[in-house]
Amino acid sequence: MAKLVIVESPAKAKSIGKYLGRGYEVVASMGHLRDLPKSTLGVDVDNDFQPRYIPIRGKDKTIKEIKAKVAKASHVYLATDPDREGEAISWHLAALLNLDLTEKNRVTFNEITKNAVTAGIKNTRTVDLNLVDAYQARRVLDRIVGYKLSPLLWKKVKKGLSAGRVQSVVTKLVVDRENEIRAFTPEEYWTIDMLCAPAAAPEREFLAHYFGSIAAGKKEEVRTQAEAEAILAAANATEPKLLAQRKKDRLRNPSPPFITSTLQQEASRRFSFGSKKTMKLAQDLYEGQNISGLGLTGLITYMRTDSLRLSDEITDDARAYIAERFGKDYVPAAKRVFKTNKNAQDAHEAIRPTHVELTPEAVKADLPTDHWKLYKLIWERFIACQMSAAVYDTVALDIGVGEHLFRANGKTLKFAGFTALYEDTVEEKDSEDTEGALPRLADDEALVKKSVTPNQKFTQPPPRYTEASLIRTMEEKNIGRPSTYSPTISTITDREYVAREGKALYPTQLGEVVTKLMVDKFADIMDVGFTANMEELLDEVGEGKTAWKGVIRDFYKGFAGELERAEKELEGVDMKVPDPVTDVICENCGRNMVIKSGRFGKFLACPGYPECKFTKPLAQETPGICPKCGSKILERKSKNGNKYYACEKNPACGFMTWDKPLAELCPKCGKPLYRRYTREEKKIYCAIAPCDYEREYRPRGKARQTESGAPEEANL
């Protein structure tokens, strides 16, 4: 009889099955199989918050198949992901399959490699009920908040809305930032730049920036045009004099390896990947990719982590690789060890490659484009973190012009160190760091002034959040955990509390109305400190220091009171959100139409209802043109939510297609092309008769579709 190993996803099952070989069968649960019911609260608040778990609708066949395999197996291993969510999936599986929780059948590994998998099978343990309790506490908390608050939002704001313990706080961050921007008052300031050069070599120009008065010896701001003109007049009346120069070597150490939050931030800045896409790509790399000569191979360690720990074995491998490729000077005297944040769970290693020798170049031909980009990023950041510091030759010049002090800063790279392999992207660079080399000067070098230029500037409001900066703020404020950053942002955007403009996130009218109600009536839930403290309590539950139902009891006392007061105070109050107004004119009465939502999505409607009942589809214009009448082609949705493309003059014209219009023009007739992507045909073609241009369509970098064990409703 074979031994049965249960994991979450088919890709993970294939990778693990490859390493275990004969005598083992590996099956996938396809994520959770049991959860709280969707149609009811599922938590008995009058019976000490006892949750009621049921099999998830639509999973009956999977449960039946796994039960049949368990009945035939000689032993069952639960090998779900090594975090709270994975522990909970194993616990639910044990309950559904009648497995003994005192039996050591729980298998964990931080990476899907032969050594890790075989070691995990040899070192089994029981299901960690403390981690399960932490999961239950979070699940029950979020269910109570969501199911108790959402009906209030339905009655007072809009049907179909939802509230969440963490999503509401994150939405508030975006709203608060928008309010800061609106309230911001620009303040005038001036910079003054002096173009100098050595008298003996006037072609070797460099810039110095106004610092302050020589007497003050500290940085002084120039606030008005009058101040700037006074400094300009004094500077123009006097030749510059070199007062001092300071030279020193400056070390720059590499960044630590990635954790979940920093990976999402860097992938966003570098590739414009959303956090959801980054985690999907990382999940695929963790579960395994087909590599030439190796087959299905796990390429990175577990990607939901807040720890900066690294194993001695992998750092030894990295140091050996660095010495061989770059030379001994690039290997520091001791291994680099990075300090993990005090709020981190520290359950796993940092995100790193499983094998140092699998360089990005070695696997490039085997990976889709986006998977390769992310793998290269992870691999290079890890190798760089064990390399020597970069060394810069820095020079700072103090230049006097009358009673005013100007400063020039420059640097040149003396030793590349880790920068020979990897450089982080940054959102904002220090102006001094962008300066290049300065000319070498003797201490008594004579200088000449070529120009002095004042520049009027105004202070800028804080920028809107991007996904990267919002995730960084969530991490800094201890809101959520690595597994919840991405799903939380997806939730607030999917539910239209927050929208995107390029990379920037901003609150919608709906988000602002809901946030105002929540702040006014549920101060604790909306308090960042309260939310962070709750995360710490959940960590204590996971460590066995606190009983999970005690956390729920303490929370519910205050929450129930706030809910009761809110319902009384809001009685008779209507907080409807105004419909967004468009520039589309109603064809019946001439009013500007508004966007409304219905069963089949958004549509345009006349605001004069019920006097005027005119509506029309909300359609997005595409690059295409109609092959029948030459009009514009609009993107629309069918009743079941599928996209299709139709002539703007329908129903008069009648043209529609499932093929996507492209911005690319036909090389034969110059009209926009269409793309057909079906099981039978994959082609790009011209739809304008009599042109017969077409070519084969080959998708590049298409992500493999897999089932993931990622949280379904984690912390939402």
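In this predicted model, strand 13 and strand 14 make a hairpin, with just two residues between them. One residue of the turn, G402, has a positive phi of about 65 degrees. The two arms, strand 13 (residues 390-401) and strand 14 (residues 404-415), are held in antiparallel pairing by eleven bridges. Within this pairing, D393 sits opposite T412 of strand 14. Strand 13 is also mostly covered, as eleven of its twelve residues are buried.

The hairpin belongs to something bigger: an open sheet of six strands, arranged in the order 10-13-14-9-8-15 with antiparallel pairing. At the edges are strand 10 (241-252) and strand 15 (447-458), each of which pairs on one side only. Neighbouring strands of the sheet are turned against each other by 30 degrees on average, direction ignored. In general, it is backbone hydrogen bonds that pair the strands of a sheet, in either a parallel or an antiparallel way.

Both edges can be followed bridge by bridge. On one side, strand 10 runs antiparallel to strand 13, and eleven bridges join the two; here Q245 has L397 of strand 13 as its bridge partner. On the other side, strand 8 (residues 188-198) is joined to strand 15 by eleven bridges, again in the antiparallel sense. I192 is matched there with P454 in strand 15.

Turning to charged side chains, the structure holds 48 salt bridges. One of them links E87 to R106, with the closest N and O atoms 3.0 Å apart. Since E87 lies in helix 3 (residues 84-96) and R106 in the loop between helix 3 and helix 4 (114-122), this pair ties together parts that are 19 residues apart in sequence. Both E87 and R106 are buried.

A second salt bridge brings K277 and D370 together at 2.7 Å, N to O. K277 is part of helix 9 (residues 275-287) and D370 is part of helix 12 (residues 369-385), so the link spans parts that are 93 residues apart in sequence. The two partners are not equally covered: K277 has 35% relative accessibility and counts as partly exposed, whereas D370, with a relative accessible area of 16%, is buried because it falls under the 20% cut-off.

E681 and K683 give a third example, their closest N and O atoms being 3.4 Å apart. E681 is partly exposed at 31% relative accessibility, while K683, at 13%, is buried. This pair does not stand alone, as salt bridges with shared partners join D659, R676, E681, K683 and E694 into one network.

Finally, there is the largest pocket, which offers about 1300 Å³ of space. Its lining is made up of 31 residues, and the closest to the centre are I595, K596, K602, F603 and L618. Several elements each supply at least two residues of the lining, namely helix 15 (509-521), strand 19 (592-598), strand 20 (601-605), strand 21 (615-617), strand 23 (632-637) and strand 24 (643-647). Strand 19 gives the most, with four residues. Sorted by class, the lining has twelve nonpolar, twelve charged and seven polar residues.

Definitions and conventions. Residues numbered from 1 in each chain as written. Predicted model: local features only at pLDDT ≥ 70, side-chain atom pairs only at ≥ 80, totals over all residues. Heavy atoms only, no water. Salt bridge = Lys/Arg side-chain N within 4 Å of Asp/Glu carboxyl O. Buried < 20%, exposed > 50% of the residue type's maximum accessible area, 1.4 Å probe, protein only. 1 Å grid on protein atoms, 1.4 Å probe; cavity = no way out; pocket = protein on both sides within 12 Å on 5 of 7 lines; lining within 4 Å. Points joined across faces, edges and corners; volume = space filled by probe spheres on them. Nonpolar A, V, L, I, M, F, W, Y, C, P; charged D, E, K, R; others polar. Pairing = 2+ DSSP bridges. Axes fitted to C-alpha atoms, helices over the stretch in contact; angles between N-to-C directions.
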